[in-house]
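Please open the model in your viewer and keep the selection panel at hand. The stops below can be followed in order.

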Amino acid sequence: MNIGIVCYPTFGGSGVLATELGKALADKGHNIHFITYQQPVRLSGFHANIFYHEVRVPTYPLFDYPPYETALASTMVDVILNNDVELLHALCHPHAAAAYMAKQILAKQGIRIPVITTLHGTDITLVGRDKTYSPVVTFSMNESDILTAVSHNLKEETYKNFSIDKEIEVIHNFVDIQRFHKKPVDAFRKLISPNGEKIIVHASNFRKLKRVEDVVATFLLIQEKMPATLLLLGDGPERTHIEASARKCESHNTIKFLGKQEQMEDILPIADLFLLTSEYESFGLAALEAMAASVPVISTNAGGLPEININGFSGYMSNVGDVEDMSKNALLILKDNATLQQFKSNALAQAKKFGIENIVPLYEALYKKVI
Ligand code: GMT
(Lines give C-alpha, C1' and ligand atoms only; values in the text may rest on other atoms or scores of the structure.)
Protein backbone atom coordinates (compact mmCIF):
# COMPACT_ATOMS: atom_id res chain seq x y z
CA MET A 1 0.00 0.00 0.00
CA ASN A 2 1.04 3.63 -0.45
CA ILE A 3 0.40 5.37 2.85
CA GLY A 4 0.69 9.04 3.83
CA ILE A 5 1.50 9.68 7.50
CA VAL A 6 0.98 13.14 8.96
CA CYS A 7 2.44 13.85 12.38
CA TYR A 8 4.59 16.14 14.47
CA PRO A 9 8.25 15.36 13.89
CA THR A 10 9.38 16.12 17.43
CA PHE A 11 10.44 14.07 20.47
CA GLY A 12 6.83 13.75 21.73
CA GLY A 13 5.24 10.33 21.92
CA SER A 14 3.01 10.90 18.92
CA GLY A 15 5.97 11.60 16.64
CA VAL A 16 7.69 8.49 17.95
CA LEU A 17 4.55 6.40 17.43
CA ALA A 18 4.06 7.67 13.86
CA THR A 19 7.70 7.23 12.91
CA GLU A 20 8.02 3.73 14.35
CA LEU A 21 4.77 2.71 12.68
CA GLY A 22 5.96 4.08 9.34
CA LYS A 23 9.29 2.27 9.64
CA ALA A 24 7.62 -1.03 10.55
CA LEU A 25 5.17 -0.72 7.64
CA ALA A 26 8.04 0.09 5.27
CA ASP A 27 9.86 -3.04 6.45
CA LYS A 28 6.78 -4.99 5.44
CA GLY A 29 7.01 -3.58 1.92
CA HIS A 30 4.57 -0.66 2.05
CA ASN A 31 5.56 2.76 0.70
CA ILE A 32 5.42 5.35 3.44
CA HIS A 33 5.19 9.06 2.79
CA PHE A 34 5.84 11.21 5.86
CA ILE A 35 4.36 14.66 5.43
CA THR A 36 5.64 17.03 8.10
CA TYR A 37 7.67 20.21 8.58
CA GLN A 38 10.88 18.53 9.67
CA GLN A 39 12.47 15.13 9.34
CA PRO A 40 10.97 13.13 12.27
CA VAL A 41 13.62 12.65 14.99
CA ARG A 42 13.52 8.89 14.95
CA LEU A 43 13.65 8.74 11.15
CA SER A 44 17.34 8.50 10.57
CA GLY A 45 19.11 6.47 7.92
CA PHE A 46 18.00 5.45 4.45
CA HIS A 47 15.04 3.20 3.72
CA ALA A 48 14.07 2.52 0.13
CA ASN A 49 10.32 2.59 0.95
CA ILE A 50 10.28 5.72 3.08
CA PHE A 51 9.80 9.15 1.61
CA TYR A 52 9.90 12.37 3.55
CA HIS A 53 8.00 15.36 2.18
CA GLU A 54 8.77 18.58 3.92
CA VAL A 55 5.95 21.05 4.43
CA ARG A 56 7.38 24.48 3.73
CA VAL A 57 5.48 27.41 5.13
CA PRO A 58 6.37 30.58 3.26
CA THR A 59 6.27 33.65 5.45
CA TYR A 60 4.90 37.00 4.45
CA PRO A 61 5.31 40.33 6.26
CA LEU A 62 1.55 40.55 6.93
CA PHE A 63 1.36 37.12 8.56
CA ASP A 64 2.01 37.07 12.28
CA TYR A 65 1.03 33.41 12.11
CA PRO A 66 2.09 31.71 8.87
CA PRO A 67 -0.78 29.40 7.79
CA TYR A 68 0.76 25.98 8.53
CA GLU A 69 -2.41 23.91 8.10
CA THR A 70 -3.01 25.42 4.65
CA ALA A 71 0.53 24.56 3.59
CA LEU A 72 0.11 21.09 5.12
CA ALA A 73 -3.16 20.35 3.29
CA SER A 74 -1.70 21.62 -0.01
CA THR A 75 1.41 19.47 0.44
CA MET A 76 -0.80 16.45 1.18
CA VAL A 77 -2.71 17.02 -2.07
CA ASP A 78 0.54 17.31 -4.01
CA VAL A 79 2.07 14.20 -2.41
CA ILE A 80 -1.09 12.13 -2.94
CA LEU A 81 -1.41 13.10 -6.60
CA ASN A 82 2.24 12.46 -7.41
CA ASN A 83 2.79 9.27 -5.45
CA ASP A 84 -0.49 7.36 -5.78
CA VAL A 85 -1.01 7.60 -2.04
CA GLU A 86 -4.08 5.54 -1.14
CA LEU A 87 -4.83 6.77 2.36
CA LEU A 88 -3.82 9.34 4.96
CA HIS A 89 -3.05 8.41 8.55
CA ALA A 90 -3.21 11.52 10.73
CA LEU A 91 -1.98 11.82 14.30
CA CYS A 92 -4.93 13.83 15.42
CA HIS A 93 -4.69 17.52 16.12
CA PRO A 94 -4.16 19.51 13.87
CA HIS A 95 -3.31 16.95 11.23
CA ALA A 96 -6.77 15.39 10.95
CA ALA A 97 -8.28 18.79 10.12
CA ALA A 98 -5.73 19.40 7.36
CA ALA A 99 -6.30 15.83 6.09
CA TYR A 100 -10.04 16.54 5.88
CA MET A 101 -9.29 19.60 3.77
CA ALA A 102 -7.00 17.60 1.44
CA LYS A 103 -9.65 14.87 1.19
CA GLN A 104 -12.30 17.41 0.09
CA ILE A 105 -10.00 19.02 -2.47
CA LEU A 106 -9.25 15.61 -3.99
CA ALA A 107 -12.92 14.57 -3.91
CA LYS A 108 -13.64 17.48 -6.28
CA GLN A 109 -11.19 15.81 -8.68
CA GLY A 110 -12.91 12.44 -8.32
CA ILE A 111 -10.20 10.98 -6.08
CA ARG A 112 -11.19 9.22 -2.88
CA ILE A 113 -8.68 9.44 -0.03
CA PRO A 114 -9.74 7.80 3.22
CA VAL A 115 -8.45 9.31 6.46
CA ILE A 116 -7.54 7.32 9.57
CA THR A 117 -7.10 9.47 12.65
CA THR A 118 -5.21 8.27 15.71
CA LEU A 119 -5.78 9.98 19.05
CA HIS A 120 -2.67 9.74 21.16
CA GLY A 121 -2.79 12.04 24.12
CA THR A 122 -2.47 15.71 24.80
CA ASP A 123 -3.81 16.51 21.33
CA ILE A 124 -7.15 15.47 22.85
CA THR A 125 -6.93 15.77 26.61
CA LEU A 126 -5.26 19.19 26.77
CA VAL A 127 -5.02 20.98 23.45
CA GLY A 128 -8.03 19.66 21.57
CA ARG A 129 -10.37 20.25 24.49
CA ASP A 130 -9.55 23.94 24.58
CA LYS A 131 -12.57 25.92 23.36
CA THR A 132 -10.43 27.57 20.70
CA TYR A 133 -9.78 24.25 18.97
CA SER A 134 -12.57 21.96 20.07
CA PRO A 135 -15.10 22.56 17.22
CA VAL A 136 -12.49 21.80 14.56
CA VAL A 137 -11.03 18.85 16.47
CA THR A 138 -14.52 17.36 17.05
CA PHE A 139 -15.49 17.86 13.43
CA SER A 140 -12.32 16.32 12.05
CA MET A 141 -12.61 13.30 14.36
CA ASN A 142 -16.20 12.71 13.25
CA GLU A 143 -15.28 13.14 9.59
CA SER A 144 -12.43 10.64 9.75
CA ASP A 145 -13.17 7.33 8.10
CA ILE A 146 -11.69 5.49 11.05
CA LEU A 147 -10.81 6.73 14.54
CA THR A 148 -8.34 4.94 16.78
CA ALA A 149 -7.04 5.70 20.28
CA VAL A 150 -3.83 4.43 21.91
CA SER A 151 -5.57 3.31 25.12
CA HIS A 152 -9.00 2.50 26.54
CA ASN A 153 -8.56 5.42 28.90
CA LEU A 154 -8.06 7.85 26.00
CA LYS A 155 -11.08 6.40 24.21
CA GLU A 156 -13.23 7.03 27.30
CA GLU A 157 -11.76 10.52 27.81
CA THR A 158 -12.55 11.36 24.20
CA TYR A 159 -16.17 10.24 24.49
CA LYS A 160 -16.46 12.16 27.75
CA ASN A 161 -15.11 15.43 26.40
CA PHE A 162 -16.25 15.57 22.77
CA SER A 163 -19.46 14.79 20.90
CA ILE A 164 -18.25 11.81 18.95
CA ASP A 165 -20.77 9.96 16.88
CA LYS A 166 -18.62 7.06 15.78
CA GLU A 167 -16.80 4.04 17.16
CA ILE A 168 -13.27 4.56 18.45
CA GLU A 169 -11.08 1.49 18.06
CA VAL A 170 -8.34 0.98 20.63
CA ILE A 171 -4.95 0.06 19.19
CA HIS A 172 -2.37 0.26 21.93
CA ASN A 173 1.02 1.84 21.34
CA PHE A 174 3.78 -0.60 20.59
CA VAL A 175 7.48 -1.09 20.98
CA ASP A 176 10.22 -2.73 18.95
CA ILE A 177 11.53 -5.18 21.53
CA GLN A 178 14.61 -6.10 19.45
CA ARG A 179 15.71 -2.51 19.55
CA PHE A 180 15.47 -1.96 23.31
CA HIS A 181 16.27 -5.43 24.60
CA LYS A 182 20.03 -4.99 24.53
CA LYS A 183 22.84 -6.04 26.80
CA PRO A 184 23.87 -3.08 28.97
CA VAL A 185 27.25 -1.64 28.06
CA ASP A 186 29.34 -2.35 31.19
CA ALA A 187 31.78 0.49 30.58
CA PHE A 188 28.89 2.95 30.35
CA ARG A 189 27.28 1.59 33.51
CA LYS A 190 30.60 1.88 35.36
CA LEU A 191 30.97 5.47 34.26
CA ILE A 192 27.56 6.42 35.65
CA SER A 193 27.71 4.18 38.68
CA PRO A 194 31.38 3.60 39.62
CA ASN A 195 30.51 2.11 43.03
CA GLY A 196 27.53 0.05 41.99
CA GLU A 197 24.94 2.75 42.79
CA LYS A 198 21.46 1.93 41.51
CA ILE A 199 20.68 3.79 38.28
CA ILE A 200 17.29 5.43 38.14
CA VAL A 201 16.05 6.99 34.91
CA HIS A 202 13.31 9.38 33.90
CA ALA A 203 12.64 10.56 30.35
CA SER A 204 10.12 13.13 29.25
CA ASN A 205 9.65 16.46 27.59
CA PHE A 206 9.71 18.21 30.99
CA ARG A 207 6.25 19.70 30.74
CA LYS A 208 4.43 20.57 33.99
CA LEU A 209 2.15 17.59 33.59
CA LYS A 210 5.13 15.22 33.89
CA ARG A 211 5.73 16.42 37.48
CA VAL A 212 9.49 15.97 37.17
CA GLU A 213 9.84 17.56 40.62
CA ASP A 214 8.18 14.37 41.95
CA VAL A 215 10.84 12.31 40.17
CA VAL A 216 13.54 14.21 42.02
CA ALA A 217 11.67 14.02 45.35
CA THR A 218 11.15 10.25 44.96
CA PHE A 219 14.79 9.80 44.07
CA LEU A 220 15.97 11.74 47.13
CA LEU A 221 13.84 9.50 49.37
CA ILE A 222 15.29 6.38 47.73
CA GLN A 223 18.76 7.79 48.18
CA GLU A 224 18.23 8.12 51.92
CA LYS A 225 18.12 4.31 52.00
CA MET A 226 20.60 3.26 49.31
CA PRO A 227 23.24 4.79 47.04
CA ALA A 228 21.70 5.77 43.70
CA THR A 229 22.15 8.00 40.69
CA LEU A 230 19.36 9.73 38.79
CA LEU A 231 19.56 10.26 35.03
CA LEU A 232 17.10 12.79 33.67
CA LEU A 233 16.65 12.53 29.92
CA GLY A 234 14.87 15.04 27.74
CA ASP A 235 14.30 18.72 27.81
CA GLY A 236 11.41 21.15 28.05
CA PRO A 237 9.87 24.10 29.83
CA GLU A 238 10.34 22.84 33.40
CA ARG A 239 13.97 21.80 33.06
CA THR A 240 15.62 25.08 34.05
CA HIS A 241 13.89 25.42 37.38
CA ILE A 242 14.15 21.72 38.22
CA GLU A 243 17.84 21.80 37.40
CA ALA A 244 18.29 24.91 39.55
CA SER A 245 16.55 23.33 42.54
CA ALA A 246 18.41 20.03 42.07
CA ARG A 247 21.69 21.96 42.25
CA LYS A 248 20.72 23.08 45.75
CA CYS A 249 20.41 19.49 47.00
CA GLU A 250 23.24 18.12 49.05
CA SER A 251 23.55 15.17 46.70
CA HIS A 252 23.30 17.20 43.49
CA ASN A 253 26.27 15.32 42.00
CA THR A 254 24.12 12.23 41.76
CA ILE A 255 21.44 13.93 39.65
CA LYS A 256 22.49 14.16 36.02
CA PHE A 257 20.61 16.03 33.33
CA LEU A 258 21.48 14.44 29.99
CA GLY A 259 19.18 16.49 27.73
CA LYS A 260 17.53 15.17 24.59
CA GLN A 261 18.78 11.77 23.55
CA GLU A 262 18.04 9.92 20.36
CA GLN A 263 19.63 6.61 21.33
CA MET A 264 17.35 5.66 24.21
CA GLU A 265 18.05 2.00 23.48
CA ASP A 266 21.67 2.50 24.57
CA ILE A 267 20.83 4.25 27.82
CA LEU A 268 17.77 2.39 29.12
CA PRO A 269 19.42 -1.06 29.44
CA ILE A 270 21.84 0.24 32.09
CA ALA A 271 18.96 1.40 34.31
CA ASP A 272 17.58 -0.40 37.36
CA LEU A 273 14.36 1.55 37.57
CA PHE A 274 12.30 3.97 35.47
CA LEU A 275 10.24 6.71 37.14
CA LEU A 276 7.17 8.22 35.49
CA THR A 277 5.34 10.53 37.87
CA SER A 278 2.95 12.18 35.38
CA GLU A 279 -0.33 13.73 36.37
CA TYR A 280 -1.71 12.17 33.17
CA GLU A 281 -0.52 9.86 30.42
CA SER A 282 -2.89 8.58 27.79
CA PHE A 283 -0.55 5.61 27.44
CA GLY A 284 3.03 6.27 28.58
CA LEU A 285 5.22 5.19 25.68
CA ALA A 286 8.38 6.10 27.63
CA ALA A 287 7.46 3.54 30.30
CA LEU A 288 6.85 0.86 27.69
CA GLU A 289 10.24 1.50 26.09
CA ALA A 290 11.84 1.18 29.54
CA MET A 291 10.09 -2.16 30.12
CA ALA A 292 11.28 -3.38 26.72
CA ALA A 293 14.81 -2.70 28.00
CA SER A 294 13.95 -4.86 31.06
CA VAL A 295 13.58 -1.89 33.37
CA PRO A 296 10.76 -2.02 35.97
CA VAL A 297 8.57 1.06 36.20
CA ILE A 298 7.47 3.11 39.19
CA SER A 299 4.64 5.24 37.89
CA THR A 300 1.48 7.01 38.85
CA ASN A 301 -1.82 5.26 38.22
CA ALA A 302 -3.05 8.10 35.99
CA GLY A 303 -4.79 7.76 32.62
CA GLY A 304 -3.73 4.76 30.58
CA LEU A 305 -0.76 3.77 32.75
CA PRO A 306 -2.64 0.89 34.46
CA GLU A 307 -3.10 -0.60 30.98
CA ILE A 308 0.66 -1.13 30.68
CA ASN A 309 2.24 -1.14 34.14
CA ILE A 310 1.03 -4.08 36.21
CA ASN A 311 1.18 -3.35 39.93
CA GLY A 312 3.54 -5.72 41.73
CA PHE A 313 4.64 -7.35 38.47
CA SER A 314 6.28 -4.97 35.97
CA GLY A 315 6.63 -2.31 38.67
CA TYR A 316 4.29 -0.42 40.96
CA MET A 317 1.79 2.41 40.71
CA SER A 318 0.91 5.15 43.19
CA ASN A 319 -1.47 8.09 43.32
CA VAL A 320 -0.31 11.26 41.61
CA GLY A 321 2.00 13.20 43.93
CA ASP A 322 2.48 10.41 46.48
CA VAL A 323 6.29 10.44 46.39
CA GLU A 324 6.51 8.58 49.72
CA ASP A 325 4.64 5.64 48.27
CA MET A 326 6.64 5.76 45.04
CA SER A 327 9.92 5.65 46.95
CA LYS A 328 8.67 2.79 49.17
CA ASN A 329 7.71 0.82 46.08
CA ALA A 330 11.04 1.58 44.43
CA LEU A 331 12.84 0.20 47.49
CA LEU A 332 10.70 -2.94 47.36
CA ILE A 333 12.09 -3.59 43.89
CA LEU A 334 15.67 -2.54 44.58
CA LYS A 335 16.01 -4.20 48.00
CA ASP A 336 17.88 -7.27 46.72
CA ASN A 337 19.25 -8.54 43.48
CA ALA A 338 16.90 -11.52 43.17
CA THR A 339 13.82 -9.31 43.45
CA LEU A 340 15.24 -6.78 41.01
CA GLN A 341 16.03 -9.51 38.46
CA GLN A 342 12.49 -10.89 38.82
CA PHE A 343 10.95 -7.45 38.20
CA LYS A 344 13.30 -6.93 35.26
CA SER A 345 12.20 -10.11 33.56
CA ASN A 346 8.54 -9.36 34.37
CA ALA A 347 8.91 -5.91 32.81
CA LEU A 348 10.24 -7.43 29.61
CA ALA A 349 7.46 -10.04 29.55
CA GLN A 350 4.88 -7.27 29.95
CA ALA A 351 6.47 -5.16 27.18
CA LYS A 352 6.36 -8.14 24.82
CA LYS A 353 2.56 -7.99 24.90
CA PHE A 354 2.92 -4.66 23.08
CA GLY A 355 5.54 -5.93 20.61
CA ILE A 356 5.47 -4.22 17.25
CA GLU A 357 4.73 -7.53 15.51
CA ASN A 358 1.43 -7.82 17.42
CA ILE A 359 0.23 -4.26 16.88
CA VAL A 360 1.28 -3.22 13.37
CA PRO A 361 -0.94 -5.86 11.68
CA LEU A 362 -3.93 -4.24 13.42
CA TYR A 363 -3.21 -0.96 11.61
CA GLU A 364 -2.60 -2.82 8.35
CA ALA A 365 -5.99 -4.49 8.67
CA LEU A 366 -7.66 -1.11 9.17
CA TYR A 367 -5.89 0.31 6.12
CA LYS A 368 -7.07 -2.57 3.97
CA LYS A 369 -10.59 -2.17 5.26
CA VAL A 370 -10.74 1.53 4.56
CA ILE A 371 -9.13 1.38 1.10
O1 GMT B 1 3.25 13.56 26.67
C2 GMT B 1 4.19 13.53 25.85
O3 GMT B 1 5.33 13.28 26.16
C4 GMT B 1 3.96 13.83 24.41
C5 GMT B 1 2.62 13.36 23.96
C6 GMT B 1 2.34 13.64 22.52
O7 GMT B 1 1.25 14.17 22.34
O8 GMT B 1 3.12 13.34 21.61
O9 GMT B 1 2.48 11.99 24.30
C10 GMT B 1 1.19 11.48 24.29
O11 GMT B 1 1.16 10.50 23.27
C12 GMT B 1 1.98 9.35 23.53
C13 GMT B 1 1.95 8.45 22.32
O14 GMT B 1 0.70 7.97 22.04
C15 GMT B 1 1.50 8.66 24.83
O16 GMT B 1 2.29 7.53 25.10
C17 GMT B 1 1.64 9.67 26.00
O18 GMT B 1 1.13 9.08 27.16
C19 GMT B 1 0.81 10.91 25.66
N20 GMT B 1 1.01 11.91 26.70
C21 GMT B 1 0.00 12.36 27.43
O22 GMT B 1 -1.14 11.98 27.27
C23 GMT B 1 0.36 13.36 28.46
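Is the crossing of H12 and H15 left-handed or right-handed? This is a predicted model, and the tour through it begins with these two helices. Select helix H12, residues 285-292, together with helix H15, residues 337-352, and look along the place where their axes come within 7 Å and cross at roughly 120 degrees. With angles of 65 to 115 degrees counted as roughly perpendicular and those over 145 as roughly antiparallel, H12 and H15 are therefore oblique to each other. Turning the view so that one helix lies in front of the other, you will find that the crossing of H12 and H15 is left-handed.

Next, keep the display on helices and select H9, residues 212-225, along with helix H14, residues 323-334. The axes of H9 and H14 are 9 Å apart, and the two helices pack at an angle of about 50 degrees. This pair, too, is therefore classed as oblique, and H9 passes H14 in a right-handed crossing.

From H9, step back to the loop between strand S8 (198-203) and that helix, where Arg211 is found. Select Arg211 and inspect its backbone: its phi is positive, at about 50 degrees, although the residue is not a glycine. Most residues other than glycine have a negative phi, and most peptide bonds are trans. The second half of that statement leads to another selection, His93 and Pro94, for the peptide bond joining them is cis, with omega near 0 degrees. Pro94 itself has its place in helix H3, residues 92-107.

Finally, select the ligand and the 18 residues around it, of which Ser14, His120, Asn173, Arg207 and Glu281 come nearest. By class, this shell comprises five nonpolar, 10 polar and three charged residues. Now show the backbone atoms as well, since several contacts are made there: an oxygen atom of the ligand is 3.1 Å from a polar backbone atom of His120, and a distance of 3.1 Å likewise separates a ligand oxygen from a polar backbone atom of Phe283. At Leu285, a polar backbone atom is 3.0 Å from an oxygen atom of the ligand. Taken alone, the ligand exposes 480 Å², and the protein buries 93% of that area.

Technical notes
Residues are numbered from 1 along each chain as its sequence is written. This is a predicted model: local features need pLDDT of at least 70, side-chain atom pairs count only at pLDDT 80 or more; totals for chains, interfaces and linings use all residues. Side-chain values use heavy atoms; hydrogens and water are left out. A residue is near a molecule or strand if one of its heavy atoms lies within 4 Å of it. A polar contact is a pair of N or O atoms within 3.5 Å; within protein, one must be able to donate a hydrogen and the other to accept it, and residues adjacent in sequence count only if both atoms are side-chain atoms. Accessible areas come from the Shrake-Rupley method with a 1.4 Å probe; for residues, only the protein chains shown count as cover. Ala, Val, Leu, Ile, Met, Phe, Trp, Tyr, Cys and Pro count as nonpolar, Asp, Glu, Lys and Arg as charged, and the others, Gly among them, as polar. Axes are lines fitted to C-alpha atoms, for helices over the stretch in contact, and angles run from 0 to 180 degrees between N-to-C directions. Helices (H or I, at least four residues) and strands (E, at least two) are DSSP runs, numbered from the N terminus. Angles under 35 degrees count as roughly parallel, over 145 as roughly antiparallel, 65 to 115 as roughly perpendicular and the rest as oblique. A crossing is left-handed if the near helix is turned anticlockwise from the far one by less than a right angle, and right-handed if clockwise.
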